[in-house]
Amino acid sequence: EEDVVITREQHHAQRREERRRRRQKRAQHSISLSSAISMDIYGNSALNSRSGMGTVSHDPASPRSPNTDGVRGRRPRPSELEEASGEGRPLRWQTVVAFFVFAMGPGWVLDTALYQQMPWFQSTQSEGLKLASQMTIAGILSMPFLILPYIFINSSLPKGVSHMLMISILCFAEAILTFLVGILWSVSANGVSFALLGTSFFASGIGGFQSIVVLPWISQEFNPRIISIVLTGSHFGNVLTSLLGLAQSPGGARRFTPTVFFMILFTILICPVV
């Protein structure tokens, strides 16, 4: 009877071990499906922390233990830190394209587009040459209003939730403003171009949020190397706007109207929203 009990216990222990191995294998398989781009974005240490695997092994027998060289308390080399964070491996092209396109949304694209159309605006709006300085002042006035949202984002809500929510709002807002100004750019009352001044105010505010929301969010939540991709994508959006204005020639040939210009820009700004 004792032999039978021991045999049963061994059998149950073996079954438990098999079930544990199957669960571990399934977990590793599910992680491997999305680990390629996730390691590009978050790095190895952040990916491990999200998957619950931990970032550093404290087992002296572990091959990843920081003390395998026999020197306890040794400071890691820069190459080791780079390997642990995932910063030493090249980024995949899918990651680069995704953040490159995303960066054209929350930035200075619309503000640049407004000044691309300034020759047309100055010749058709009642303000004339004064319109450029008035739009500049309207943009500057938006900066103090960034203080309260900045405090709210960094203190009242969890950073991951608040930053992601704010960036989504910025992407939608810039696309919607571009569409509206394409329709209402000529609207004025009592010699004041309210549509252009209001758009300049909000467009400058969106551009200001790039420095206080987008870039801190990237540096905290993702691989720091993605910051350069985001800035490159943002500047590329400005280049596209400039090339579009060059093709239009608003101060010369005027090949198409500002409405067409802003609608083309609207289709570009839809891509970061998607």
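**Close-ups of a predicted model**

**View 1. Helix α4 (residues 109-116) and helix α10 (residues 226-248) pack with their axes 9 Å apart, at an angle of about 20 degrees.** This is a predicted model, so keep that in mind for every panel. With an angle under 35 degrees counting as roughly parallel, α4 and α10 therefore run roughly parallel to each other. Their crossing is right-handed. On the α4 side, Val109, Thr112, Ala113 and Gln116 make the contact, and α10 brings in Ser234, Gly237, Asn238, Thr241, Ser242 and Gly245. What sort of residues meet in the contact of α4 with α10? They split into 8 polar and 2 nonpolar, with no charged residues.

**View 2. Threonine 199 sits in helix α9 (residues 194-221).** Is threonine 199 buried or exposed? Its relative accessibility is just 7%, so threonine 199 counts as buried, the cut-off for buried being under 20%. Leaving aside residues up to four places away in sequence, threonine 199 touches Leu110, Leu114 and Val181. Two of the helices from the other panels turn up here as well: Leu110 and Leu114 fall within the residue range of α4 (109-116), and Val181 falls within that of α8 (159-184).

**View 3. Asparagine 190 lies in the loop between α8 (159-184) and α9.** Look at the backbone here: asparagine 190 has a positive phi of about 55 degrees, although it isn't a glycine. As for the surroundings, asparagine 190 has a relative accessibility of 84% and so counts as exposed.

**View 4. Arginine 254 is in the loop between α10 and α11 (258-273).** Here's another non-glycine residue with a positive phi, in this case near 50 degrees. How accessible is arginine 254? With a relative accessible area of 32%, arginine 254 is partly exposed, since that class covers values between 20% and 50%.

**View 5. Confidence in the protein chain is lowest in helix α2 (residues 78-85) and highest in helix α6 (residues 130-141).** The mean pLDDT is 51 for α2 and 95 for α6. Over residues 45-71 the pLDDT is below 50, and this stretch has 28 contacts in the model beyond near neighbours in sequence. Go easy on those: where pLDDT is low, the predicted coordinates shouldn't be read in detail. For the protein chain overall, pLDDT averages 79, and 73% of the residues score at least 70.

Note on methods
Residues are numbered from 1 along each chain as its sequence is written. This is a predicted model: local features need pLDDT of at least 70, side-chain atom pairs count only at pLDDT 80 or more; totals for chains, interfaces and linings use all residues. Side-chain values use heavy atoms; hydrogens and water are left out. Helices (H or I, at least four residues) and strands (E, at least two) are DSSP runs, numbered from the N terminus. Buried means under 20% relative accessible area, exposed over 50%, partly exposed in between (1.4 Å probe, protein chains only). Contact means heavy atoms within 4.5 Å. pLDDT is the predictor's confidence in each residue, from 0 to 100. Axes are lines fitted to C-alpha atoms, for helices over the stretch in contact, and angles run from 0 to 180 degrees between N-to-C directions. Angles under 35 degrees count as roughly parallel, over 145 as roughly antiparallel, 65 to 115 as roughly perpendicular and the rest as oblique. A crossing is left-handed if the near helix is turned anticlockwise from the far one by less than a right angle, and right-handed if clockwise. Ala, Val, Leu, Ile, Met, Phe, Trp, Tyr, Cys and Pro count as nonpolar, Asp, Glu, Lys and Arg as charged, and the others, Gly among them, as polar.
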